[in-house]
Amino acid sequence: MKNLQPLENGHLNASQKDSYWQDGYLFPMQVIPPQEAATLRRELETLEANWLDADLPRPLNTYKRLNANCTISLTARIASDPRVLDVVEGILGPDILLWGAELFIKEPHTSAYVSMHQDLTYWGMGEIDGLVTAWIALSPATIASGCMEFVAGSHKNPILPHQDTHGDNNLLSRGQEIKVEVAPEDRVTVELQPGQMSLHHGLTIHGSGPNTSDDRRIAIAMRFLRPDMAQMGGAKDYAMLVRGEDRFGNFHHYNGAASDFSADSLAMFETIRDAQNAILMKGSDQKASYD
């Protein structure tokens, strides 16, 4: 288990920022106390129990995996938490958009995995530095439970060739996998305890294995952007302004969920889904894995 990265009044120090830009990732930071993380997990699992068989327009898993901040208040609250944004500000600066958040859950003793890939491959924004993923564990992310693995320095590459596998157990939208062999010794294991966070660059090669443990592996992944970034893969795209100002207007703004699955948020979800699916699935003749 890697030692915690001590924050300075909740913020990254100069050495930590340098480490992020050198390696393409930084971890672990304790942004939420363990007891609070346990409370958030209980809140999430209560929501799952209450809404699993509800008459939602789409399966509950779709709302958890795609722009969960739009329809699930817990996710919007975590993604707007000043403790999270204080850390992200050290990478992106004082003006921050949330492009989307999703709940990544691997059930115990299942074969779901995430193939090695670069996030920006299909996101339509090109090879940018102005996007960072913040990933917070709500249950232990260990080797046994299928924690992430990063390749140090891989963010210095351009977008590398990928192939779509659409694998049945692959949690990615297209089952995208990098066409480069990643040796075991090049993989950095990202073990996190509840309430701990990792950051990674949009070009960092990463993936994760199956959950062979007795517990669920529960996490929230949040994609933060500088407002000067722009969507090049579609006519329009959407984001939440979570800190500072947006002086560029490259994204349509919307509000995060104040309550769970309100009529307005479900309608907005469909609008965002249609726009982003056109970008994410461009060139594929199959549906996204979360549908």
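This passage describes the pairing of a four-stranded sheet, the packing of two helices, and a few individual residues in a predicted model.

A convenient place to begin is the sheet. Four strands make up an open sheet with the order 3-10-5-8, and the pairing is antiparallel. At its edges lie strand 3 (114-117) and strand 8, each of which pairs on one side only. From one strand to the next, the twist averages 25°.

Strand 5 has a partner on either side in this order. With strand 8 (residues 187-190), strand 5 (residues 148-151) pairs in the antiparallel sense over four bridges; within this pairing, Glu 149 stands opposite Thr 189. With strand 10 (residues 206-208), strand 5 again pairs in the antiparallel sense, here over three bridges. Met 148 faces Ser 208 across that pairing, and Gly 207 is the strand 10 bridge partner of Glu 149. Glu 149 thus has a counterpart in strand 8, Thr 189, and another in strand 10, Gly 207.

Turning to the helices, helix 2 (residues 34-51) contains 18 residues and reaches 26 Å from its first C-alpha to its last, close to the 26 Å expected at 1.5 Å a residue. Its buried residues are Ala 37, Leu 40, Arg 41, Leu 44, Leu 47 and Glu 48. These cover an arc of only 120° around the axis, so they fall on the same side of helix 2. Such a pattern can be read against helix geometry: an α-helix has 3.6 residues a turn, so residues three or four places apart point the same way. On the face turned away from the buried side, helix 2 carries the exposed residues Gln 35, Arg 42, Ala 49 and Asn 50. The cover over the buried residues of helix 2 includes helix 3 (60-65), helix 5 (73-79), strand 2 (96-106) and strand 11 (217-225).

Helix 7 (residues 263-280) also has 18 residues, which should span 26 Å at 1.5 Å a residue; the end C-alpha atoms are 25 Å apart, in agreement with that expectation. The buried residues of helix 7 include the charged or polar Ser 265, Arg 273, Gln 276 and Asn 277, along with Leu 266, Phe 269 and Ile 272. Among the elements that cover the buried residues of helix 7 are helix 3, helix 4 (68-71), strand 2 and strand 12 (238-243). Helix 3 and strand 2 therefore appear in the cover of helix 2 as well as in that of helix 7.Closer to the N terminus, Gln 16 lies in helix 1 (residues 14-23). Gln 16 counts as buried because its relative accessibility is 4%, under the 20% cut-off. Leaving aside residues up to four places away in sequence, Gln 16 touches Gln 5, Pro 6, Leu 7, His 11 and Leu 26. The last of these contacts, Leu 26, is ten residues from Gln 16 along the chain, and their C-alpha atoms are separated by 7.4 Å.

Finally, the cysteines deserve a brief word. Cys 70 counts as buried at 1% relative accessibility, and Cys 147 does so at 4%. A search of the whole structure finds zero disulfides.

Note on methods
Residues are numbered from 1 along each chain as its sequence is written. This is a predicted model: local features need pLDDT of at least 70, side-chain atom pairs count only at pLDDT 80 or more; totals for chains, interfaces and linings use all residues. Side-chain values use heavy atoms; hydrogens and water are left out. Two strands pair if DSSP finds at least two bridges between them. Helices (H or I, at least four residues) and strands (E, at least two) are DSSP runs, numbered from the N terminus. A disulfide is a pair of cysteine sulfur atoms within 2.5 Å. Buried means under 20% relative accessible area, exposed over 50%, partly exposed in between (1.4 Å probe, protein chains only). Contact means heavy atoms within 4.5 Å. The expected span of a helix is 1.5 Å times one less than its number of residues. The arc is that of the directions from the helix axis to the C-beta atoms. Axes are lines fitted to C-alpha atoms, for helices over the stretch in contact, and angles run from 0 to 180 degrees between N-to-C directions.
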